[in-house]
Amino acid sequence: MMTDKKWRKLNIFASIVLVILILANIYVFFYRGAISDYRREQLGIFIPRFSADELIDESSFTDSLTFCCFKLSKKEVQQIKEDIENNSAWHIYSEDKENFLELLPDSETKYAVSKIDFTDCYIALYDYYNDCFITETEGLTSFICAVYDEENSMYYYFTMIW
């Protein structure tokens, strides 16, 4: 038969485990597919803070191929509009979306990018190796791309880093 001290210790231990499990679930729910603070600081553009509505991660040990899609809230729409006005990294996309698709290997990420309607979207295209934002895809091998579809309040973020 267990004494009161043993029950108390068991209850404390079970409570700690329960709290840890709850915190882990909250973290996964809110931040699964969230873009890291490192990338946020590196790029210096608006990136949604919480989890992506759609996440495709086909990264390997040495390569990164990811796609995230976010439905923006009214507050986030206001934040990105301010960022677009004040940040020269953003511009209206004027190239053919096939230029992006040619860069990507056959994958789920390529399929997801092919569904984006780039018409009148704002884009911030970061050349990973030259450490700068660019406006054209020609000669690009590794990149990070953010796309804001103002009409649908959608934000897309995809990377290909080889």
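1. Is D120 buried or exposed? D120 has a relative accessible area of 57% and is therefore exposed, the cut-off for that class being over 50%. The residue sits in the loop between helix 5 (108-114) and strand 4 (122-127). Its phi is near 60°, a positive value in a residue other than glycine. Most residues other than glycine have a negative phi. From D120 to L65 the C-alpha to C-alpha distance is 25 Å, with the two positions 55 residues apart in sequence.

2. A second residue with a positive phi is S153. Here phi is near 55°, and again the residue is not glycine. S153 belongs to the loop between strand 6 and strand 7 (154-161). Its relative accessibility is 18%, so S153 counts as buried, whereas D120, at 57%, is exposed. For S153 the relevant cut-off is under 20%.

3. On confidence: this is a predicted model. The mean pLDDT over the chain is 88, and 92% of the residues score at least 70. Helix 1 (residues 4-31) has the lowest confidence in the chain, with a mean of 74. The highest is found in helix 3, with a mean of 97.

4. On aromatic pairs: the whole structure contains 13 of them. One is formed by F100 and F143, whose ring centres are 5.8 Å apart and whose planes make an angle of 50°, a tilted arrangement. Because F100 lies in helix 4 (residues 98-103) and F143 in strand 6 (residues 143-149), this pair ties together parts that are 43 residues apart in sequence. F100 counts as buried, at 0% relative accessibility. F143 is also buried, its relative accessible area being 0%.

5. Another pair joins Y126 and F133. This one is edge-to-face, with 5.2 Å centre to centre and 65° between the planes. The two partners fall into separate exposure classes: Y126 counts as buried at 2% relative accessibility, while F133 is partly exposed at 29%.

6. Ring pairs also build a cluster, made up of F67, Y93, F100, F118, F143, Y156 and F158. Both partners of the tilted pair in point 4, F100 and F143, are therefore members of this cluster, and each is buried at 0%.

7. H91 belongs to strand 3 (residues 91-92). With a relative accessibility of 18%, H91 counts as buried, since the limit for that class is under 20%. Which residues does H91 contact, leaving aside its neighbours within four places in sequence? The contacts are with C121, Y122, I123, I134 and T135.

8. The second largest pocket has a volume of about 160 Å³. Its lining consists of R40, I45, F46, I47, P48, R49, F50, S73, K75, E76 and Q79. By class, 5 of these residues are nonpolar, 2 are polar and 4 are charged. Which element gives the most to this lining? Helix 3 (residues 74-86) does, with 3 residues. Helix 3 is also where confidence in the chain is highest, at a mean of 97.

Note on methods. Residues are numbered from 1 along each chain as its sequence is written. This is a predicted model: local features need pLDDT of at least 70, side-chain atom pairs count only at pLDDT 80 or more; totals for chains, interfaces and linings use all residues. Side-chain values use heavy atoms; hydrogens and water are left out. Rings of Phe, Tyr and Trp (its six-membered ring) pair if their centres lie within 6.5 Å; planes under 30 degrees apart count as stacked, over 60 as edge-to-face and the rest as tilted. Helices (H or I, at least four residues) and strands (E, at least two) are DSSP runs, numbered from the N terminus. Buried means under 20% relative accessible area, exposed over 50%, partly exposed in between (1.4 Å probe, protein chains only). Contact means heavy atoms within 4.5 Å. On a 1 Å grid over the protein atoms alone, a cavity is a set of points where a 1.4 Å probe fits but cannot get out, and a pocket is an open set with protein on both sides within 12 Å along at least five of seven lines; lining residues have an atom within 4 Å of a point. Grid points are joined across faces, edges and corners, and a volume is the space filled by probe spheres set on the points. Ala, Val, Leu, Ile, Met, Phe, Trp, Tyr, Cys and Pro count as nonpolar, Asp, Glu, Lys and Arg as charged, and the others, Gly among them, as polar. pLDDT is the predictor's confidence in each residue, from 0 to 100.
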